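Me: I would like to take a close look at a single part of this model, and I would be glad of one connected explanation that a first-year student can follow.

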Amino acid sequence: MTPLAPLKTTALHAVHRRMGAKMVDFGGWDMPLQYSGILDEHRAVRSAAGLFDVSHMGEIEIRGVDATALTDYVTTNAVQKLQPGQAQYSGLLYEHGGFVDDVLVHKIAHDHYFLCVNASNQEKDFEHIATANKLQSSVELTSDRYTQFAIQGPRALASLQKLTPADLAAIRYYHFIDGSIAGVPARIARTGYTGEDGFEIYFAPEHSERVWSDILNAGQEFGIKPCGLGARNTLRLEAGMALYGHEIHSTITPFEAALGWIVKLDKGEFIGRSALVRQKEQGITRKLVGFEMTGRGIGRDDYEVFLDGIPAGWVSSGGPSPTLNKNIGMCYLPSDRAKLGQRIQIVIRNQAVDAVTVAVPFYKRAY
Amino acid sequence: MYPQDLHYTKQHEWVRLSDDVGVVGITDYAQQELGDIVYVDLPRVGAKVEQGKAMGSVESVKAVSDIYCPVSGEVIEINDALATAPEKLNESPHGDGWLVKIRLSVPAEIQGLLSAADYEKYVAEETGH
């Protein structure tokens, strides 16, 4: 037998252990699943603030005079429209239109882009972009140079503001600045994966432990809590955000995943464009929709979905919604049946349990 | 930490016996491993259950876990409170968070279960502590 590769760890690993986090193997990374409990952490983020170590996420940087052209060619959204200091959700696609990954593109300058990508996809993404680099750009996988924290929740701004001279309120949603946190140079982006206001910060790993404890101390008066990947998943599910490997993967296109808004077919050539043009003409055959359980039970990831007693689709992500106190999820259905109010059944341990399709996001912040 | 009057299984269930009726639950270790419990699926009153077979499930936010029947018999009562308050399993796994009461059909099965001390030792070995 081949021994399994040791789990990768972030610079915060010792802290997670010391603080008593329950750890989990997440795509080859030994990451905190929870500290005080998923429900407790989830509620902290909805009502106060939460701090997440998401340093497993990867970073890819594209530099050079052709950086805009290359970034535009490998992603689906309109890179030419980005201003320096602006970020954009986007897709990396294969020629056939399926997802390589979903990414956050940050424009640092006309000749420098900073991509935040999924942990387990980073090498694949890098190869994909490097292969497409027929121009004179430099493409670099720079994940080792960054710790990434997410500070999320209605009191995230107040917590983080105590640690930086920058006016955080002046950073608009999906914009970023290069500033400092607790005296450490940091990229501060007003982005997130929870459905709340908040920030994602990127800085050199050697400062990880101190910045972590400084943020927790600064946020203590506001009720900040350290959070794990468990709450990150329930939060993003309520916000209706896609997770690679669930809502999106190599055989799913953005149109099917209800992500048509990140596809700009009129922007010029990009990888996957012709497949998407063809799919737009022909129409999609399956589509992602939200659902909530009406019968007793929790529809979970990969459970089968029935329509009129016949297998018709699958749950991409499902579970309890702590905020709504319902069991919710997203599922793929034949596109002609993927309308709101459609009655469906989810097969839970060999029993068909009633559910109904509902609008996504399930949760929208009120501020 | 594990009550002396309970009998335990390696699947992390317990039985509290009085005469021929056993109250069944999951252990403190089990609830800790599961995390926040949000849903409990129990057999119906009158169901015949068999030692070692799944008789229901508990679900945490993250995962589903089968409940294995520690003793054979007939279900004579279920803990209805868990339908609306599944968190009782986290708060009081050896008390208010009990699952079902079973009238034992093979009382001798109890002899094969673990004592509190043996169960504690088993958990310690399993977690490497």
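What percentage of the 129 residues of chain B count as buried? Please begin there, and then look closely at the open sheet of three strands in chain B.

Reply: This is a predicted model, and the figures below should be read with that in mind. Of the 129 residues of chain B, 40% count as buried. Before turning to the sheet, it helps to have a picture of the whole chain. The C-alpha atoms of chain B fill a box of roughly 35 × 35 × 20 Å along the principal axes. A compact globule with 129 residues would have a radius of gyration near 14 Å, and because chain B has 14 Å, the two agree. Among the contacts in chain B with a separation of 6 or more, 61% are between residues 24 or more positions apart.

The secondary structure of chain B comes to four helices and nine strands. Read from the N terminus on, these elements follow the order β-β-β-α-β-β-β-β-β-α-α-β-α, and three of the strands make up the sheet you asked about, which is open and has the order 4-6-7 with antiparallel pairing. At its edges lie strand 4 (37–41) and strand 7 (64–68) of chain B, each of which pairs on one side only. From one strand to the next, the twist averages 25°. As a general point, strands of a sheet pair through backbone hydrogen bonds, and the pairing may be either parallel or antiparallel.

Strand 6 of chain B, which covers residues 54–60, is joined to strand 7 of chain B by five bridges, and the two run antiparallel. These two strands form a hairpin, with three residues between them. Two of the facing pairs can be found by name: Ser57(B) stands opposite Asp66(B) in strand 7 of chain B, while Val58(B) has Ser65(B), also in strand 7 of chain B, as its bridge partner. Strand 6 of chain B also pairs with strand 4 of chain B, again in the antiparallel sense, over four bridges. Here Ser57(B) appears once more, as the residue of strand 6 of chain B that stands opposite Asp41(B). How enclosed is strand 6 of chain B? Five of its seven residues are buried, so this strand is largely enclosed by the rest of the structure.

Chain B also meets chain A, in a contact that takes ten residues from chain A and eight residues from chain B. On the side of chain A that touches chain B, the elements giving two or more residues are helix 2, helix 7 and strand 16 (310–321) of chain A. The residues on that side divide into four nonpolar, five polar and one charged.

Two of these elements return when chain A is considered by its domains. The domain assignment gives chain A a domain 1 (13–55 + 146–238), a domain 2 (58–142) and a domain 3 (285–358). The C-alpha centres of domain 1 and domain 3 of chain A lie 31 Å apart, and seven residues of domain 1 of chain A are in contact with six residues of domain 3 of chain A. On the side of domain 1 of chain A that touches domain 3, helix 2 (38–47) and helix 7 (229–238) of chain A each supply at least two residues, and helix 2 of chain A gives the most, with four residues. By class, that side of domain 1 of chain A has two nonpolar, two polar and three charged residues.

For a comparison with strand 6 of chain B, consider helix 3 of chain A, residues 67–74, in which seven of the eight residues are buried, so this helix too is largely enclosed by the rest of the structure. The buried residues of helix 3 of chain A include Leu70(A), Asp72(A) and Tyr73(A), and the buried residues of this helix pack against strand 4 (58–63), strand 5, strand 6, strand 7 (112–117) and helix 4 (122–132) of chain A. Tyr94(A), by contrast, is partly exposed, with 15 other C-beta atoms within 10 Å. Tyr94(A) sits in the loop between strand 5 (86–93) and strand 6 (99–109) of chain A, and, leaving aside residues up to four places away in sequence, Tyr94(A) touches Val100(A), Ser250(A) and Gly272(A).

Conventions. Residues are numbered from 1 along each chain as its sequence is written. Chains are lettered from A and ligands numbered from 1 in the order in which they are written. This is a predicted model: local features need pLDDT of at least 70, side-chain atom pairs count only at pLDDT 80 or more; totals for chains, interfaces and linings use all residues. Domain bounds come from an automatic or database domain assignment. Two residues are in contact if their C-beta atoms, placed from the backbone, lie within 7 Å. Ala, Val, Leu, Ile, Met, Phe, Trp, Tyr, Cys and Pro count as nonpolar, Asp, Glu, Lys and Arg as charged, and the others, Gly among them, as polar. Two strands pair if DSSP finds at least two bridges between them. Axes are lines fitted to C-alpha atoms, for helices over the stretch in contact, and angles run from 0 to 180 degrees between N-to-C directions. A residue is buried if 20 or more other C-beta atoms lie within 10 Å of its own, exposed if 12 or fewer, and partly exposed in between; C-beta atoms are placed from the backbone. The radius of gyration is taken over C-alpha atoms; the globule rule is 2.2 Å times the number of residues to the power 0.38.
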